[in-house]
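Let's walk through this one together, from the outside in. Have the viewer open as you read.

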Amino acid sequence: QFLALTLVILSGITALGTPRGSVQSLKASRDSYYRRYGMPDLWVYVEKAPDSAVKKFSKVEGVSRIRGRIVFDVPVDIAENEETITGRIVSMPDPRDASGEPPRTGLLDIHIEEGAYFTNTREAQVIISAKFAEARSLKIGSRFQATLNDGKETLEVVGIARSPEYIYAIQSAQDFFPNPKNFGILWVTRSFAE
């Protein structure tokens, strides 16, 4: 009886310890990923603010890093598709040189899985979210149109990426589940977004 009781207690301890170790490992992985790609602690949404506003926010006590971006949603047209597709334009820093390496800002960086960062050769380049690329069968070199400033702009896919900000990419708070077939993240250069 003592041996049976000991085995039951040991199996209970093992059953309790294994999930706890898994949870700790997952938290460590998440924290490492967030640190590496600069997941911020706070976002401030401002409409039509000049670049000088970013400088003002950087002087707020407790702010160690800050990065201004341009973010807005646009209708997207993919050939032979009649569904409504929305793309979220998110500006990224312009390339510093022709190396194809993304400039690391330390805040809201992206992980490019396929392709490369933007080049200086063409303005209408886009890096798309991996789940959107998979759902729409888009590859490096694919082209699609987005409606910008009341006109159609043809965007060329130069990269496929992931970001800690858009692990669970939903269009608005009213959406409960991601729908990568009808909503995708479109990273573009800041100069193009402007």
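How much area does the protein expose, and what share of it do carbon and sulfur atoms supply? The exposed area is about 12,700 Å², with 54% coming from carbon and sulfur (Shrake-Rupley method, 1.4 Å probe). Keep in mind that this is a predicted model, where local features need pLDDT of at least 70, side-chain atom pairs count only at pLDDT 80 or more, and totals for chains, interfaces and linings use all residues. Residues are numbered from 1 along each chain as its sequence is written, and side-chain values use heavy atoms, leaving out hydrogens and water.

On to the fold. You'll find four helices and seven strands (DSSP runs: H or I of at least four residues, E of at least two, numbered from the N terminus). Along the sequence they run α-α-β-β-β-β-α-β-β-β-α. The C-alpha atoms fill a box of roughly 80 × 50 × 40 Å along the principal axes.

Now for the inside. Of the 194 residues, 34% are buried, meaning under 20% relative accessible area with a 1.4 Å probe, protein chains only. The largest nonpolar core (buried Ala, Val, Leu, Ile, Met, Phe, Trp, Tyr and Cys joined through side-chain atoms within 4.5 Å) has 22 residues, and Val126, Ile128, Phe144 and Leu186 touch the most other members. Elements giving two or more residues to this core include strand 4 (125–129), strand 5 (143–148) and strand 7 (183–189). Apart from this core lies another, of 14 residues, with Ile110, Ala169, Phe183 and Ile185 among them.

Conventions
Buried < 20%, exposed > 50% of the residue type's maximum accessible area, 1.4 Å probe, protein only.
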